[in-house]
Amino acid sequence: MSEASSSNHSRQDDPSVPTGRIEKLTDGWALAFDKQFDYPAAHIWDVLINPRKVEQWLGTVTPDWELGKEYTLDMGGGSASGTVLQLTPRSSLQITWDDDLGEESVLEWQVLDSDGGALLQFRSRTDTPDFLAEGSAGWQGILRAFAAVAAGNPPPGEPPGQWRALRDAYSREFGISPTMGYLDAGDGQNTEQATLVFERWYDAAAEDISAAVESSGGNLRLGDGAEITVTEEDGVGKLRIRQRIEAGNQQDTAALMAAWHLALDSAAVRLLGETPHPNSHRLRALEALYSSNL
């Protein structure tokens with residue numbers, strides 16, 4: 001094995017290093033992964049399409065994937081649904097993916113004969129960069145689980161904090177803003193308090209970002225006790241919000257995080273010179289999302 005191949009193999013095996021790439025398209029964004037396996041293409045296709053194996057690395061598909069038919073996917077902590085757009089045996093699978101927030105993307109897997117084994121190519125295409133850094137970290141973990149199942153092993157566990165560290169690594173490497181907030185428990189000694197944290201990047205001056213967030217947060221009665229800082233790096237304004245909260249009530253915490261999330265989305269709209277129109281349906285969907293993550 002060459003030094004370059006060895007370095008690439010080590011990168012693929014390190015769960016804290018991005019192995020995918022984020023690409024800007026003329027009509028949106030794409031997340032791409034390419035994974036080489038030392039197994040026949042027929043075996044990789046079986047792991048991809050066999051419902052009993054899909055359940056191990058992704059979730060329960062109902063009904064089985066069938067060309068032109070709708071499906072639902074239960075992933076334990078979340079769900080998705082969509083339609084099978086393409087299904088070419090031992091070659092390619094393409095589906096639409098509608099998540100709990102009503103966001104839609106198109107996913108495609110291709111299985112190719114390569115170097116005596118098989119090359120699995122995964123692509124996810126979406127209209128906006130929202131949740132793209134989070135999705136990149138999530139799909140990298142899912143594809144690690146796929147590789148484990150292909151090898152006949154159970155999916156590996158994920159150490160605490162690994163997903164967020166990987167999300168931040170994708171953000172830095174590809175210049176994509178984080179989208180979701182999270183709770184920082186600090187040293188973990190005080191279990192009744194935690195710090196709510198949001199980080200967003202905007203293509204705007206710091207003072208404009210501060211004004212947009214103040215207007216959006218004020219409309220939702222947010223900001224009391226929150227520490228809001230904005231810095232500028234290479235022409236990008238980087239917002240950071242920290243707010244101490246009582247961690248005992250999960251429903252209240254999820255509601256606060258959803259409200260902040262919606263306010264920061266609204267701030268992005270204001271920075272484009274447009275008027276935001278937050279809706280209660282999205283607020284409830286965001287609250288459910290944060291509740292499941294908590």
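The following exchange walks a newcomer through a predicted model, one question at a time.

Modeller: Residues are numbered from 1 along each chain as its sequence is written. Because the model is predicted, local features need pLDDT of at least 70 and side-chain atom pairs count only at pLDDT 80 or more, while totals for chains, interfaces and linings use all residues, and side-chain values use heavy atoms, with hydrogens and water left out.

Biologist: What is the mean pLDDT of the chain?
Modeller: The term pLDDT stands for the predictor's confidence in each residue, from 0 to 100. Of the residues in the chain, 91% reach 70 or more, although over residues 1-10 the pLDDT is below 50, and that stretch has one contact (heavy atoms within 4.5 Å) beyond near neighbours in sequence. Where pLDDT is low, the predicted coordinates should not be read in detail. For the chain, the mean pLDDT is 89.

Biologist: In what order do the eight strands of the open sheet lie?
Modeller: Helices (H or I, at least four residues) and strands (E, at least two) are DSSP runs numbered from the N terminus, and two strands pair if DSSP finds at least two bridges between them. In this open sheet the pairing is antiparallel, and the edge strands, each of which pairs on one side only, are strand 1 (21-25) and strand 3 (60-62). Neighbouring strands are turned by 25° against each other on average, direction ignored. The order of the strands is 1-2-8-7-6-5-4-3.

Biologist: Which residue in strand 8 is the bridge partner of Leu 107?
Modeller: Strand 7 (residues 104-114) and strand 8 (residues 117-126) run antiparallel and are joined by nine bridges. In strand 8, the bridge partner of Leu 107 is Ser 124.

Biologist: What angle does the direction of helix 2 make with that of strand 7?
Modeller: Helix 2 packs on the sheet, where the strands it touches are strand 2 (28-37), strand 5 (79-88), strand 6 (92-99), strand 7 and strand 8. Axes are lines fitted to C-alpha atoms, for helices over the stretch in contact, and angles run from 0 to 180 degrees between N-to-C directions. With the direction of strand 7, that of helix 2 makes about 160°.

Biologist: How are helix 2 and helix 4 oriented to each other?
Modeller: Helix 2 (residues 41-49) and helix 4 (residues 132-150) pack at an angle of about 120°, with their axes 10 Å apart, and His 43, Ile 44, Val 47 and Leu 48 in helix 2 meet Phe 146, Val 149 and Ala 150 in helix 4. Angles under 35 degrees count as roughly parallel, over 145 as roughly antiparallel, 65 to 115 as roughly perpendicular and the rest as oblique. Helix 2 and helix 4 are therefore oblique.

Biologist: How far apart are the axes of helix 7 and helix 8?
Modeller: Helix 7 (residues 250-271) and helix 8 (residues 280-293) pack at an angle of about 125°, which makes helix 7 oblique to helix 8. The residues that make the contact include Ala 254 and Leu 262 of helix 7 and Leu 283 and Tyr 290 of helix 8. Between the two axes the distance is 8 Å.

Biologist: Is Phe 131 buried or exposed?
Modeller: Phe 131 lies in the loop between strand 8 and helix 4, and has a positive phi of about 65° although it is not a glycine. Buried means under 20% relative accessible area, exposed over 50%, and partly exposed in between (1.4 Å probe, protein chains only). At 16% relative accessibility, Phe 131 therefore counts as buried.

Biologist: Is Arg 90 buried or exposed?
Modeller: Arg 90 is found in the loop between strand 5 and strand 6, and has a positive phi of about 60° although it is not a glycine. At 59% relative accessibility, Arg 90 counts as exposed.

Biologist: Why is strand 10 largely enclosed by the rest of the structure?
Modeller: Strand 10 (residues 193-202) runs antiparallel to strand 9 (residues 182-184), to which three bridges join it, and antiparallel to strand 12 (residues 236-246), to which 10 bridges join it. The enclosure follows because, of the 10 residues of strand 10, the number that are buried is eight.
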